[in-house]
Amino acid sequence: MPSITHHRSAGQDHPRTGEIVLGIDTHADTHTGAVLDHHGALLDTRTFPATSLGYQALHAWADTFGRIWRAGIEGSHSYGAALTRHLHTHGIVVIEVNQPDRHDRRRRGKTDTIDAETAARAVLSGRCTALAKTSDGHTERLRLFQLAKTSAVKARTQAINQLKAILVGADPALRETLSGLGTTRLIRACAELTCDTLDETLFATRYTLRLLARRIQDLTNQSDELTQHITRAITASRPALLHQHGVGPDTAATLLITIGDNPHRIHNQAAFAALCGSNPINASSGKTNRHRLNRGGDRQANRALYTIALTRLATHQPTRDYMTRRTTEGKTKREIIRCLKRYIARQLYPLLTSPSTT
């Protein structure tokens, strides 16, 4: 019987003769590279500085062994983000590589060279196939805004807790003038406190309260300003997303950050649901046939889907009707929310991946 000829496309799943696989272990100051040929033989390893000249030198060094088929980078969105962008600009496919297997690490030990070689072998064997984020578009801008806002909100909450804790042990006369006020009015009143007193303890208390209150106001202004930037960035890239019920700037930004600037790396809505940890996991045994929550995936994205589901349960009548119907079928609230998160992931996937979707 004649053999069947298989034609490989541009997205071939194995390197050809003369092509190499590059594995890179990234750190703050240095990047270590390892080169494998198409058979998996280790050709060379070398360490380069984590600078623009170092990226060029690493690329030129790898090119001396052949055309780069794939580059596997451990930490492509942290220490290796700049290197990933450099390789993308030269048309090289970059694969995100997870940390090495613990059993291999115990058996072989750990060095930068070993980690780089392991990254290359993970790509060559097909164990790691997820494309790395490009981090050079609207989503990267959103990530930076969201990072700054998260820290501002966290610092604001900490300052409010400190202000209220100081009031608990403050002078009774001062405490009574501020009692019964809501948080907003309390912060405004503390920001207007005067410090013209001879009592050193009372001076320190009033000064600290005023300082914390003004810090809270500054952080609130920063948070509001960043929310405006986030909203404008989402509107510019995914205009239909914010029109969905229960989707706000924060949840939309979180989901877009999970998708990244190259959404084509997520092939379909099922893959996106798995990435968000909202896909059902089989938990059947014997006569029991059921699914359970997925405890993996991007937990921030999972939290965003959970927030959207709770908002719809509170304010969206079709979702509340769905809750009632599934409850009568014997589903628990936890199982119903899991189903809702999966539905929301399916509904939002085309809006997250297509800028032109309306």
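**Exercise 1. State which residue of strand 2 stands opposite V21, and describe how the neighbouring strands are joined.**

Solution.
Step 1. The residue opposite V21 is L36, in strand 2. Strands here are DSSP runs of E with at least two residues, and helices are runs of H or I with at least four, both numbered from the N terminus. The model is a predicted one, in which local features need pLDDT of at least 70 and side-chain atom pairs count only at pLDDT 80 or more, while totals for chains, interfaces and linings use all residues. Residues are numbered from 1 along each chain as its sequence is written, and side-chain values use heavy atoms, with hydrogens and water left out.

Step 2. Strand 1 and strand 2 run antiparallel and are joined by six bridges; two strands pair if DSSP finds at least two bridges between them. Three residues lie between these two strands, which form a hairpin.

Step 3. Strand 2 and strand 3 also run antiparallel, with seven bridges. One bridge pairs H31 with F48 of strand 3. This hairpin has five residues between its strands, and G40 in the turn has a positive phi of about 100 degrees.

Step 4. Of the seven residues of strand 2, six are buried, where buried means under 20% relative accessible area, exposed over 50%, and partly exposed in between (1.4 Å probe, protein chains only).

**Exercise 2. Give the order of the strands in the sheet, and explain why strand 3 and strand 5 each have one side without a neighbour.**

Solution.
Step 1. The order is 3-2-1-4-5, in an open sheet of five strands with mixed pairing.

Step 2. Strand 3 (42-49) and strand 5 (94-97) are at the edges; each has a single partner strand, so one side of each has no neighbour in the sheet.

Step 3. From one strand to the next, the twist averages 20 degrees.

Step 4. Strand 4 (residues 67-74) and strand 5 run parallel and are joined by four bridges. The bridge partner of I73 in strand 5 is E96.

Step 5. Helix 1 (residues 52-63) packs on the sheet and touches strand 1 (19-26), strand 2 (30-36), strand 3 and strand 4. The direction of helix 1 makes about 170 degrees with that of strand 3; axes are lines fitted to C-alpha atoms, for helices over the stretch in contact, and angles run from 0 to 180 degrees between N-to-C directions.

Step 6. Helix 2 (residues 81-89) packs on the sheet as well, touching strand 1, strand 2, strand 4 and strand 5, and its direction makes about 160 degrees with that of strand 4.

**Exercise 3. Determine whether Q146 is buried or exposed, and compare the span of helix 5 with its expected value.**

Solution.
Step 1. Q146 lies in helix 5 (residues 138-168).

Step 2. Q146 has a relative accessible area of 11%, so Q146 is buried.

Step 3. Apart from neighbours within four places in sequence, Q146 is in contact (heavy atoms within 4.5 Å) with I230, D250, A253, T254 and I257.

Step 4. Other buried residues of helix 5 include L142, K149 and L163. Among the elements that cover the buried residues of helix 5 are helix 8 (200-237) and helix 9 (249-259).

Step 5. The expected span of a helix is 1.5 Å times one less than its number of residues. For the 31 residues of helix 5 this gives 45 Å, and the end C-alpha atoms are 45 Å apart, which agrees.

**Exercise 4. Identify the helix that supplies the largest share of the largest nonpolar core.**

Solution.
Step 1. A nonpolar core is a set of buried Ala, Val, Leu, Ile, Met, Phe, Trp, Tyr and Cys residues joined through side-chain atoms within 4.5 Å. The largest one has 35 residues, and L142, I234 and L348 are among those that touch the most other members.

Step 2. Helix 13 (333-353) is one of the helices that each supply at least two residues of this core.

Step 3. The largest share, 10 residues, comes from helix 13.

Step 4. A second, separate core has 17 residues, including V35, F48, L58 and A132.
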